[in-house]
Amino acid sequence: MQAQSYFQLISPLIFLAFSCGFAVLWHYARDVIALRYYALSYFLGACAFVGNFLRPLMPPVVEIYATSPFYIGMTVLFCGATFAFYRGHAPWKTFWLAGTAMLALISWYSFAVDNIASRIVVMHAGIFAMMVYTAFSLHREMTRRIDRVLQAIIVISAIQLVCRGAYIVFYAAPTLTQADFPQSTLALLLHFSVSIVALALALCLFVMFGMKFVARLTLTSQTDPLTGALNRRGFEARLATFADEETMRNSRHAVVMADLDRFKSVNDTFGHEAGDTVIRAFARLLGSVARECDFVVRWGGEEFLVVIAHADAAAAHLFAETVRTALESIPHDCLRGKSVTASFGIAAWQGEKSLSNAIRDADMALYRAKHEGRNRVCPNLAEMDGNRSEAAVA
């Protein structure tokens with residue numbers, strides 16, 4: 001009796017604490033809608049345990065619904081939140097139909113056929129079905145180790161529901177009554193297992209959200225807020241990873257320096273907001289033409305650096321020409337339908353040549369493109385002379 005009362009009192013506190021934790025996280029990350037559903041799910045779990053504790057004070061008709069709707073709602077919201085976390089949406093209609101069917105069967109076995117064992121089995125089977133459906137439907141999205149841990153906890157909790165349901169059907173049903181169940185060992189085990197599972201799930205979820213927020217902060221600190229391209233810090237971090245991927249001495253890459261033409265006149269004529277819109281459009285165009293292995297960096301103002309991986313200067317020239325011709329054909333509403341142009345300088349980056357030297361050469365080529373009339377792609381002159389010498393020798 002004391003142990004039963006202890007778990008009936010401590011369990012709602014556990015659920016309420018995690019509900020508040022998820023609510024606080026949601027307050028600071030409103031775009032992560034799953035947090036709101038997890039907070040509501042754990043709040044309903046707290047209500048279910050409070051209802052369990054107050055059941056002896058309730059009339060029989062009210063007592064039937066003191067916990068079941070809350071457990072069902074808790075499960076529906078938890079499974080829906082998990083779908084929302086991984087896919088951005090949830091099959092709410094399916095979950096709520098299943099929950100409604102469970103509540104209808106529980107009502108049937110309460111008033112039409114008074115059978116507490118059947119009510120417990122319906123509850124266990126319904127929750128089992130929703131949790132297993134969630135775990136296996138999201139199997140492809142659960143790829144990280146922490147995701148697999150969450151999946152394992154969900155499956156294990158569902159399996160223990162089946163085991164407990166089987167025990168009720170084959171062993172406890174003949175002696176189980178509505179009056180005896182709230183103070184029975186079976187009810188004690190139910191409260192204990194639900195609390196342990198909720199604790200394990202919540203801890204796993206907090207780790208997952210912590211990883212998500214750390215990744216978000218890292219991304220925010222390494223990307224330019226206006227364009228989404230890498231900033232200087234992100235460039236250095238990406239470069240370190242890039243260098244680890246292969247031996248740079250045997251690698252051939254290229255760099256492109258790109259700069260919008262006469263951008264000051266855009267700001268002076270149409271305003272800085274229009275200028276920001278043009279810069280964003282230019283960054284999107286660079287990113288759309290770049291490959292997954294390339295990376296785009298906002299170098300400063302309207303100037304961008306693009307590292308073309310595993311390619312020579314000719315490939316970089318093709319990249320720059322593709323962007324240049326596409327940009328001059330795009331009208332901008334913020335410029336009253338006018339288009340803008342950009343100039344490009346390219347240089348090779350090989351293992352024996354430092355990246356800083358390659359950027360310097362590309363910058364000099366960009367300066368030449370500006371000097372020769374803008375809206376053009378200019379390669380590094382030293383590389384052009386070297387290619388001509390090789391062609392002459394050949």
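This passage describes the fold, the nonpolar cores, the salt bridges and a surface patch of one protein chain.

The structure is a predicted model. Its mean pLDDT over the protein chain is 85, and 85% of the residues reach a score of at least 70. Residues 385–394 have a pLDDT below 50, and this stretch makes 0 contacts in the model beyond near neighbours in sequence. Where pLDDT is low, the predicted coordinates should not be read in detail.

The secondary structure of the protein chain consists of 14 helices and 5 strands. Of its 394 residues, 46% are buried. The surface exposed by the protein chain amounts to about 20000 Å², of which carbon and sulfur atoms supply 63%. When contacts between residues at least 6 apart in sequence are considered, 68% join residues at least 24 apart.

The largest nonpolar core contains 55 residues, and the members that touch the most others are F22, L150 and F209. Two or more residues each are given to this core by α1 (2–28), α2, α4 (68–87), α5 (92–112), α6 (116–137), α7 (145–172) and α8 (185–222). Helix α4 supplies the largest share, 12 residues. With residues up to four places away in sequence not counted, F209 touches F22, L25, V32, L35, Y38 and F85. F22, itself among the residues that touch the most other core members, is thus one of the contacts of F209. A second core, separate from this one, has 31 residues, including L260, V266, A311 and L327.

Two alanines of helix α6 differ in their accessibility class. A135 is located in helix α6 and is buried, its relative accessible area being 0%. Under the cut-off for burial, which is 20% relative accessible area, A135 is classed as buried because its value is 0%. Outside its neighbours within four places in sequence, A135 contacts M142, Q151, I154 and V155. The C-alpha atoms of A135 and I153 lie 9.4 Å apart, with the two positions 18 residues apart in chain numbering. A129 also belongs to helix α6, but its relative accessibility of 41% makes A129 partly exposed. The separation between the C-alpha atoms of A129 and V162 is 10.0 Å, and these residues are 33 apart along the chain.

The structure holds 12 salt bridges. One of these joins D224 and R298, with 3.2 Å between the closest N and O atoms. D224 sits in the loop between α8 and α9 (232–244), whereas R298 is in strand β2 (residues 295–300); the pair is 74 residues apart and links distant parts of the chain. Both D224 and R298 are buried.

A salt bridge is also formed between the side chains of K370 and D261, at 2.8 Å from N to O. K370 is part of helix α13 (residues 355–371) and D261 is part of the loop between β1 (252–260) and α10 (263–270), so the salt bridge ties together parts that are 109 residues apart in sequence. K370 and D261 are both buried. The two residues also belong to a network of salt bridges that links D259, D261 and K370.

A further salt bridge lies within one helix. R324 and E321 are paired, their closest N and O atoms being 3.1 Å apart. Because R324 and E321 are 3 residues apart in helix α12 (residues 313–328), about one helical turn separates them. R324 is counted as buried, at 13% relative accessibility, while E321 is partly exposed, at 25%.

On the surface, L9, V50, F53, L54 and L57 make up a nonpolar patch of about 460 Å². Helix α2 (residues 33–54) contributes the most to the nonpolar patch, with 3 residues. One patch member, V50, lies in helix α2. V50 has a relative accessible area of 38% and is therefore partly exposed. Helix α2 is also listed among the elements that give two or more residues to the largest nonpolar core.

Notes
Residues numbered from 1 in each chain as written. Predicted model: local features only at pLDDT ≥ 70, side-chain atom pairs only at ≥ 80, totals over all residues. Heavy atoms only, no water. Patch = residues over 30% accessible without salt bridge, like charges linked within 9 Å, V, L, I, M, F, W, Y side chains within 5 Å. Areas by Shrake-Rupley, 256 points an atom, 1.4 Å probe, with all protein chains shown as cover. Salt bridge = Lys/Arg side-chain N within 4 Å of Asp/Glu carboxyl O. Helix = DSSP H or I, 4+ residues; strand = E, 2+ residues; numbered from the N terminus. Buried < 20%, exposed > 50% of the residue type's maximum accessible area, 1.4 Å probe, protein only. Core = buried A, V, L, I, M, F, W, Y, C linked by side-chain atoms within 4.5 Å. Contact = heavy atoms within 4.5 Å. pLDDT = per-residue confidence, 0-100.
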